[in-house]
Amino acid sequence: MTPRPFRVKRTYAETDDTFTLELEPERPEEGFAFAAGQFNMLYAYGVGEVPISISGDPLKPLPLIHTTRSVGLVTEALRRLKKGDLIGVRGPFGTSWPVIPARGSDVVIVAGGIGLAPLRPALYHVLRNREDYGQIALLYGTRTPSDMLFTKELEQWRGRFDMDVGITVDRATGSWRGNVGVVTRLISRAPFDPHNTVAMVCGPEIMMRYTVMELTKRGVPESRVFVSMERNMKCGIGLCGHCQFGPSFICKDGPVYPHDVLTPWLRRWEI
Amino acid sequence: METIEPLLAEHPIFHGIDPKYISLMVGCASNVRFNAGEFVVHDGDKDNEFYLIRHGTVALDVYSPTKGPITFLTLGPGEVMGWEWLVPPYQTQGDARALDLVRAVKIDATCLRAKFEHDHELERELLKRFVPIITERLKALTIQLLDVYAPRAHKSSF
């Protein structure tokens, strides 16, 4: 439960309100390992602690990479950190994307907005082990072209012949010449075999809901659609109860769930 | 002589349709192309046609008095552009323009509606295929209106 001290190695803006932190441990001898989809509790000293997904490569866990959006007091304090500043890290916590069980299947990754950050480690894994998977599709939607994360990597992924990348924006601005429309519209065009596909989805909850509807309409079983849930995680180990969702604690039993496990609870407003 | 029949038959909207309906529609169909930047239809046009896109991308725009034209949807190969021809006053809402070279099959809706008068089964068959497209577009627009990626209105505790 005690945060480990990490020092900011580098910090840079991804978009107007989204930024990436690269962190090095003060005690490197303790090491650090994580699985794609897990999160850390990041402690801005004197301000507060927040759960942030890890957006780096699981095979190169250090420097520890987090990409997040400034949405409140703590994330704004994180955004203002400078090289050399100290930060507390607890973790990694939670469940991970099913990159190992997905071997032999097609993989469809659907990301909305900042949701690409928690999915990037899974993408690193499947691309590094490309021969273990069938078709790979990345479908990414953002509000406007300037809200896109990891634009250089997106260009590289689009240039690959062994994966399909679909990008769309809700609102076209400036000289945007690509797709306009919600990310769910890309699903019907993506090349994958719905009966042998594992889908990984992350974004705003309502976007995930419509994405799951489209995926199941195309024939992907709900049990093979995995989503990453976000709630008010505090302790990170299932003790405090802040992130309770039905019978589970998202920090411990999630954040990554097969969708069929969540279905009975998703439309209950009292939860 | 080559006809446009195979182009109609292979378009996803007519997947699985009885070939007799394709034969009926052929007389209303023509092959068209638009260069990048060219308008396919203008806002307010009498909508007496619809397009089966075979190649390229079409942007659908609405005009905002303060922001100018806003693209709210792009359509690509395998998709259908235009459904206002189904209901009076058969008038296009918004502009459509080619973003790159677009090849499409144009269906003359006046011609098709005349065939409906004599063949209600054809009308029913087409309605069955257009209504899901309209509802899917409506659903997509609803999600766009929700502006799900927008910054939160109130500062979060995070």
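The following paragraphs describe the fold of chain A, its domains and strand pairings, and its contact with chain B in a predicted model.

Chain A contains six helices and 15 strands, and its C-alpha trace extends over about 50 × 45 × 35 Å along the principal axes. The radius of gyration of chain A is 18 Å, which agrees with the value near 18 Å that a compact globule of 271 residues would have. Of these 271 residues, 46% count as buried. Among the contacts in chain A with a separation of 6 or more, 71% are made by residues that stand 24 or more positions apart.

Three domains are assigned to chain A, namely domain 1 (4–93), domain 2 (106–228) and domain 3 (229–271). The centres of domain 1 and domain 3 of chain A, taken over C-alpha atoms, are separated by 23 Å. Seven residues from domain 1 of chain A and six residues from domain 3 of chain A take part in the contact between them. On the side of domain 1 of chain A that touches domain 3 of chain A, strand S3 (39–44) and strand S6 (86–93) are the elements giving two or more residues, and S6(A) provides the largest share, three residues. By class, this side of domain 1 of chain A comprises four nonpolar residues, two polar residues and one charged residue.

Strand S3(A), which contributes to that contact, is also joined to strand S4(A) by six bridges in an antiparallel arrangement. Within this pairing, Asn40(A) has Ile52(A) of S4(A) as its bridge partner. Three residues lie between the strands of the hairpin formed by S3(A) and S4(A), and Gly46(A) there adopts a positive phi near 85 degrees. Strand S4(A), residues 48–53, is mostly covered, with five of its six residues buried. In the loop that leads from S4 to strand S5 (64–69) of chain A lies Pro63(A), which is joined to Leu62(A) by a cis peptide bond with omega at about 0 degrees.

A second set of pairings involves strand S12(A), residues 225–228, which is covered on both faces: Val225(A) and Val227(A) are buried on one side, and Phe226(A) and Ser228(A) are buried on the other. Strand S11(A), residues 197–202, pairs with S12(A) in the parallel sense over three bridges, and Val201(A) has Val227(A) of S12(A) as its bridge partner. Together with helix H4(A), residues 205–218, the strands S11(A) and S12(A) make a right-handed β-α-β unit. Strand S12(A) also pairs with strand S15(A), residues 256–258, in this case in the antiparallel sense and over three bridges; here Phe226(A) has Pro258(A) of S15(A) as its bridge partner. In the loop between helix H5 (250–253) and S15 of chain A lies Pro255(A), and the peptide bond from Gly254(A) to Pro255(A) is cis, with omega near 10 degrees.

A positive phi in a residue other than glycine is found at Phe150(A), where the value is near 50 degrees. Phe150(A) belongs to the loop between strand S8 (136–142) and helix H3 (151–158) of chain A, and counts as partly exposed because 18 C-beta neighbours lie inside 10 Å. In chain B, Asp147(B) is likewise a residue other than glycine with a positive phi, near 50 degrees. Asp147(B) lies in the segment after H4 of chain B and is exposed, with 12 other C-beta atoms within 10 Å.

The contact between the chains brings 19 residues of chain B together with 24 residues of chain A. On the side of chain B that touches chain A, strand S5 (68–75) and helix H4 (120–146) each supply at least two residues, and the residues of this side divide into 12 nonpolar, five polar and two charged. Helix H4 of chain B includes Leu126(B), which counts as buried because it has 21 C-beta neighbours inside 10 Å, where 20 or more are required. The C-alpha atoms of Leu126(B) and Tyr51(B) are 14 Å apart, with their positions 75 residues apart in sequence.

Asp61(B), in strand S4(B), residues 58–64, is partly exposed, with 19 other C-beta atoms within 10 Å. Beyond its neighbours within four places in sequence, Asp61(B) is in contact with Pro69(B), Ile70(B), Thr71(B), Gly94(B), Asp95(B) and Arg97(B). Asn35(B) is 26 residues from Asp61(B) along the chain, and their C-alpha atoms are separated by 17 Å.

How values were computed:
Residues numbered from 1 in each chain as written. Chains lettered and ligands numbered in written order. Predicted model: local features only at pLDDT ≥ 70, side-chain atom pairs only at ≥ 80, totals over all residues. Domains from an automatic or database assignment. Contact = placed C-beta atoms within 7 Å. Helix = DSSP H or I, 4+ residues; strand = E, 2+ residues; numbered from the N terminus. Nonpolar A, V, L, I, M, F, W, Y, C, P; charged D, E, K, R; others polar. Rg over C-alpha atoms; globule rule 2.2 N^0.38 Å. Pairing = 2+ DSSP bridges. Right-handed = clockwise from strand over helix to strand, strands pointing away.
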